[in-house]
Structure formats: C-alpha cells, structure tokens
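Student: Could you walk me through one part of this structure in detail? I'd like a close look, with the reasoning spelled out.

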Amino acid sequence: MASDQSQTGSRPSGRAVDELRRVVLEPGFAKHAEGSCLARFGDTHVLCTATVEERVPPWLKGGGKGWVTAEYGMLPRSTHTRTDREAARGKQSGRTQEIQRLIGRSLRAVTDLAALGERQIRIDCDVLQADGGTRTAAITGSWVALHQAIATLKRFGAVKSDPLVDRVTAISCGIYKGVPVLDLDYAEDSDCDADANFVLTAGGGLVEVQATAEGDPFQESAFMELLRLARKGTDELAALQQAAVS
C-alpha cells in the first residue's frame, strides 16, 4: 500500500486510514440487567444488556448445554429521519433478523455452552444513535455484557468453570475513494467502493466475514489489506474490552 496512507485528511473525519473512531465501552450501564454495556463508536451508540434465564429453548432441553441468543433493534430517531418501530409494523425486517443472528453466532463462538449449563443468556442490543457500524458496535459491546452476566453466575456458584473461552470483537472496513480504511462512519459507508464487516476473536480466529463490492469488483490484495486493518482494529477493541471488565 502507498506509504502516505496513514496520513489524515482524505477521510471526512480526518482520521488516519488505520484509526478507529473514539471508542468507549461503559460496563454496568443498565441498573437491572445481569450484564450491560453502552458501546460508543464515535456517534454510534448501542446499549447492550444481558439477561440470564434458567431455561433453554425446547429443542435444547435435557441436552446439558446452554444457549446465547440476541435481539437487535433501532430506536425510531436513531437515524436522521424517524423510522417506525418494527413491533408497530408487526414483523422484523430481514436486516434486523440477519444482524441479531450474527450477534448470537459471534457470542456463541467464544462460549462453552456445556459449561454454561442448561440456561440461556439473552442479549438485547438497542441502537440509540446510528452513524455507521451498528452491528459491529453491538457485537463488541455485547461481549462485555455477556462477561458481566457470567461473572454474576460465577459469583453465586451457578457455574463451575468459566464458559467464556475468548473475547470476540467486530469492526467494519471499506475501500473509500480507492483507499482501504478502518471503521467506517456513515459518510464513508454511504459512499464507499466496497465494505466489509469482520468478526474476530482475541486469539486471532475468524468468526465471520461479510464483504461486498458496491460497484466494480475489488482485488484479493485489497481484501487482504482490509483484513490487516481489521486485525489492528479488533486488537485495540479487545484491549478495551479487557479494561472494561477488569
């Protein structure tokens, strides 16, 4: 890649190509939930809460394993114009269903469900304000909320070993005006040549990759640069997670 790509100025925010937005993970934000985290990625704010239920879905009953699942939603004025609540419409959009399944898969990838026992932890992700990257902020914040909920179970002796086997974070990357960049905000996401979401574990494992060309196809070399940026970003996010739960 060109040697001057770390310079600022070419992005609407003025960030360097490998620079995250200001990220704040605030654990314990919700008073009543067993676990919670307000995840702020710049102007994207997502409230993640975790609820422990002493039951599992019927198809898991008697199997000795637990479950982690997620729900996701955007508040009506989280975006520039008001959007009706999906409950008022009577059904969830395909986008919502896809995102909440992604969050659930991401968290289960780092959870030992047998160690969790026959109980379910339900994660709720509510987008308070959206400026790009809501799904990645939700995944990153949800891990903190899940960690808090499991810490509660451990404190009361409900689990014998730690069900969390690793940290999981997510970040968006994209090709903006021909240049691969890290952590797209809305101005970039709405005008990029390609965008991708990466879900990685702190141990370096790939959980899921979603990558799409918005116009012309992009080359493998560009994809590898996006992956390099994603690894840098998720390493920084994993460190913030660790600090949040320490």
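Let's start with one side chain and work outward: does Phe198 count as buried or exposed, and at what relative accessibility?

Tutor: Keep in mind that this is a predicted model. Phe198 counts as buried, because its relative accessibility is 0% and the cut-off for buried is under 20%. Its ring partner is Phe223, and the two form a tilted aromatic pair, 5.9 Å centre to centre with 35 degrees between the planes. That angle is neither under 30 degrees nor over 60, which is why the label is tilted. Phe223 is partly exposed, with a relative accessible area of 24%. Phe198 sits in strand 8 (residues 194–201) and Phe223 in helix 6, so the pair ties together parts that are 25 residues apart in sequence.

Now follow helix 6 outward. Helix 6 covers residues 220–245 and lies across strand 1 and strand 2, at about 25 degrees to strand 1. Strand 1 and strand 2 (residues 35–41) run antiparallel and are joined by five bridges. Within that pairing, Leu25 stands opposite Ala39 of strand 2.

These two strands belong to an open sheet of five, ordered 1-2-3-5-4 with mixed pairing. Strand 1 (23–27) and strand 4 (67–74) are the edge strands, each pairing on one side only. From one strand to the next, the twist averages 15 degrees.

Helix 4 also meets this sheet: it lies across strands 1, 2, 3 (44–53), 4 and 5 (120–129), running at about 35 degrees to strand 3. Of the 22 residues in helix 4, 17 are buried, so the helix is largely enclosed by the rest of the structure. Its length checks out too: at 1.5 Å a residue, residues 134–155 should span 32 Å, and the end C-alpha atoms are 31 Å apart, which agrees. Just after helix 4, Gly157 takes a positive phi of about 70 degrees.

Back to rings for a moment. The count comes to two aromatic pairs. Besides the phenylalanines, there are Trp59 and Trp67, whose ring centres are 4.9 Å apart with planes at 80 degrees, so that pair is edge-to-face. Trp59 is exposed, at 58% relative accessible area, while Trp67 counts as buried at 18%.

Technical notes: Residues are numbered from 1 along each chain as its sequence is written. Side-chain values use heavy atoms; hydrogens and water are left out. Helices (H or I, at least four residues) and strands (E, at least two) are DSSP runs, numbered from the N terminus. The expected span of a helix is 1.5 Å times one less than its number of residues. Buried means under 20% relative accessible area, exposed over 50%, partly exposed in between (1.4 Å probe, protein chains only). Two strands pair if DSSP finds at least two bridges between them. Axes are lines fitted to C-alpha atoms, for helices over the stretch in contact, and angles run from 0 to 180 degrees between N-to-C directions. Contact means heavy atoms within 4.5 Å. Rings of Phe, Tyr and Trp (its six-membered ring) pair if their centres lie within 6.5 Å; planes under 30 degrees apart count as stacked, over 60 as edge-to-face and the rest as tilted.
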